[in-house]
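Okay, thanks everyone, I'll keep this short. Let's pull the chain up on the screen and walk through it together.

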Amino acid sequence: MSPFELAEPATLAEAIELLGMENARPLSGGTALMLMMKAGVLRPARLVGLRKLKLGEIRADGELRIGAMASLRALERSAQVKAGWPAITRTLRTLSNVRVRNVATVGGALAHADPHMDLPPLMMALNAEATISGPAGERRVPVEALYAGYLENTLAQGELITAVTVPALGAGRAAYLKCTTRSADDWPAVGIAVLIGDGEVRAVLGAATDRPTRLVAAEKELHGKIDDAKALRRAAEAAAEEVQIESDQHGSAAYKKQLIRVYLQRAIDEARRATH
């Protein structure tokens, strides 16, 4: 690992200023960053630690607001999240292992932009927005706007995700299912998140493309036909054909295409059975 300076600012303004300097990287949980540094993929001259910033609150008041420094484990164990957004709780139970979830943060999981991550497709399906702070001030963007490609996000230099906001589900029901080639908490070969309600469906694919991707053609097939078995089969076929699938160590493109056909239907069925 290359030598680096560690800075631990006490305020958000100071963190933004430090991140604006050349070759600086934010450090939240560090579960992915440290591995990439040890492998020589990243060689930052300065790490800007965020642990002193008070960005870990999880609050539900109609909508769910999650501070970017909240750990995945804290989100998993939140009674408010379980009551109002149970699909998040269920997803986190097989997101890596508990040792990682104790350290990894929500903001880091979204900013890392690894398409195999479980949280981004679910947050996209739930219409979540990220609050971003930087030298130009604060802005809010849909989570889907965070991704430009494989391990590539759209944050400008000096910008940080400070919070994630998830709308109330209302009568909607959501689910996330993944297929792994090893243990249940492994990286997925395919992950699919869905939100259903009032005849509408949002479906997001993870792990098979270079970024989490909306399955727009499948959504159109299911518009107003969520209970139609033939429409669901057409949607599954459309989902498998509408995206450019990436082969990797978790499976070939042909294998993942078949998984998409199967897991979209399973995710819809899982969401139908959800209690909320």
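Quick bit of vocabulary before I count anything: when I say helix, I mean a DSSP run of H or I with at least four residues, and a strand is a run of E with at least two, both numbered from the N terminus. And keep in mind that this is a predicted model.

On that basis, the chain has eleven helices and 14 strands. So what about overall dimensions? The C-alpha atoms fit a box of roughly 60 × 40 × 35 Å along the principal axes. The radius of gyration is 19 Å, and that agrees with the value near 19 Å for a compact globule, because the chain has 276 residues. Of those 276 residues, 51% are buried. Accessible surface comes to about 12700 Å², with 49% of that on carbon and sulfur atoms.

Now the part I'd like you to look at. Five strands make an open, antiparallel sheet, and the order is β4-β5-β10-β6-β7. Which strands stand at the edges? Those are β4, residues 58-61, and β7, residues 137-142; each has a single partner strand, so one side of each has no neighbour in the sheet. Between neighbouring strands here, the turn averages 20°, ignoring direction.

Zooming in on one pair: β6, residues 129-134, and β10, residues 160-166, run antiparallel and are joined by five bridges. Within that pairing, S133 sits opposite L160 of β10. Then there's helix α1, residues 12-19, lying across β6 and β10 and running at about 125° to β10.

One last number, on contacts: taking residues at least 6 apart in sequence, 61% of the contacts join residues at least 24 apart.

Conventions:
Residues are numbered from 1 along each chain as its sequence is written. This is a predicted model: local features need pLDDT of at least 70, side-chain atom pairs count only at pLDDT 80 or more; totals for chains, interfaces and linings use all residues. Side-chain values use heavy atoms; hydrogens and water are left out. Two strands pair if DSSP finds at least two bridges between them. Axes are lines fitted to C-alpha atoms, for helices over the stretch in contact, and angles run from 0 to 180 degrees between N-to-C directions. Contact means heavy atoms within 4.5 Å. The radius of gyration is taken over C-alpha atoms; the globule rule is 2.2 Å times the number of residues to the power 0.38. Buried means under 20% relative accessible area, exposed over 50%, partly exposed in between (1.4 Å probe, protein chains only). Accessible areas come from the Shrake-Rupley method with a 1.4 Å probe; for residues, only the protein chains shown count as cover.
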